[in-house]
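Please open the structure in your viewer and keep the selection panel at hand. The tour below goes from one selection to the next and says what can be found at each stop.

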Amino acid sequence: MSETKKIEDVVDLSKPAGEGMVRVTFLPEGRTVEFPFDTLPYEGHGLPMSFLDVAENYDIFLDHACGGVCACTTCHIHVKEGAQGLSEAEDLELDRMETAADIQLNSRLGCQAVIEKPGTYVVEIPKWNRNYVQEGKPSHGPGA
């Protein structure tokens, strides 16, 4: 287990994220992780510092049938807080999102939404997913 993963259990939610820190809460699990900005080891899933990359680093289940290359919508998330600190959605992501179920104004693909600055982020992983082939992953999405 990396040093980054060890600090997960000591996040003090009664205080705001410290200067230069990234805090991400994944709903509905309610799991919160915190780490210094731009220090997360890249796990090779999605873009570096994307929500999928964060989830992979902390063993949080965020389905990604295509391996995080923006070829499906299984990592579709709803950004509840922190959207101003994320990369803008590019054409490839916007095109792919047209095929996603239950699109909302705060919808993003977890593999493409990159955290560009320190701060607090809250994302919701919808109960459903569009993964028809699980390839060894749980056959249910979060909260199912």
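How many bridges join strand 1 to strand 2, and do the two run parallel or antiparallel? This is a predicted model, and in it strand 1 and strand 2 run antiparallel and are joined by six bridges.

**Strand 1 and its neighbours**

Begin by selecting residues 21-27, which make up strand 1, and colour them by accessibility, since six of the seven residues in this strand are buried. Moving on to the turn, you will find that strand 1 and strand 2 form a hairpin with three residues between them, and that glycine 30, which lies in this turn, has a positive phi of about 75 degrees.

Next, add strand 5, residues 119-124, which runs parallel to strand 1 and is joined to it by six bridges. Valine 24 is a useful residue to centre on here, as it stands opposite valine 33 in strand 2 and also opposite tyrosine 121 in strand 5. Further along, leucine 27 has glutamate 124 of strand 5 as its bridge partner.

Now bring in strand 3, residues 76-81, which pairs with strand 5 in the antiparallel sense over three bridges; in this pairing, valine 79 stands opposite valine 123.

**Valine 122**

Staying in strand 5, select valine 122, and ask whether this residue is buried or exposed. Its relative accessibility is 14%, so it counts as buried, the cut-off being under 20%. The contacts of valine 122, leaving aside residues up to four places away in sequence, are Thr25, Leu27, His78, Val79, Lys80 and Glu81. If you draw a distance between the C-alpha atoms of valine 122 and leucine 27, it should read 7.4 Å, although the two residues are 95 residues apart along the chain.

**The largest nonpolar core**

In soluble globular proteins, nonpolar side chains tend to be buried together. The largest nonpolar core in this model has 29 residues, and those touching the most other members are Val24, Phe26, Val33, Phe35, Phe51, Val54 and Ile115. Two or more residues each come from strand 1, strand 2, helix 2 (51-57), strand 3 and strand 5, with helix 2 giving the largest share, four residues.

To look at one of these core residues in detail, select isoleucine 115, whose contacts beyond four places in sequence are Val22, Val24, Phe37, Met49, Phe51, Val54, Gly85, Leu86 and Tyr121.

**Serine 50**

From there, go to the loop between strand 2 and helix 2 and select serine 50, which counts as buried because its relative accessibility is 0%. Its side chain reaches the backbone oxygen of leucine 47 at 2.8 Å, while its contacts beyond four places in sequence are His45, Gly110, Cys111, Gln112, Ala113 and Val114.

**The cysteines**

Finally, show the cysteine sulfur atoms, and ask how many disulfides a search of the whole structure finds. The search finds zero. Cysteine 70 is in no disulfide, and the nearest cysteine sulfur, that of cysteine 111, is 4.9 Å away; cysteine 70 is itself buried, with a relative accessible area of 3%.

Why is cysteine 75 not bonded to cysteine 111? The sulfur of cysteine 111 is the closest cysteine sulfur to that of cysteine 75, but the separation is 3.7 Å, which is too far for a bond. Cysteine 75 also counts as buried, at 2% relative accessibility.

Key. Residues numbered from 1 in each chain as written. Predicted model: local features only at pLDDT ≥ 70, side-chain atom pairs only at ≥ 80, totals over all residues. Heavy atoms only, no water. Buried < 20%, exposed > 50% of the residue type's maximum accessible area, 1.4 Å probe, protein only. Contact = heavy atoms within 4.5 Å. Core = buried A, V, L, I, M, F, W, Y, C linked by side-chain atoms within 4.5 Å. Polar contact = N/O pair within 3.5 Å; in protein donor to acceptor, adjacent residues only side chain to side chain. Disulfide = S-S within 2.5 Å. Pairing = 2+ DSSP bridges.
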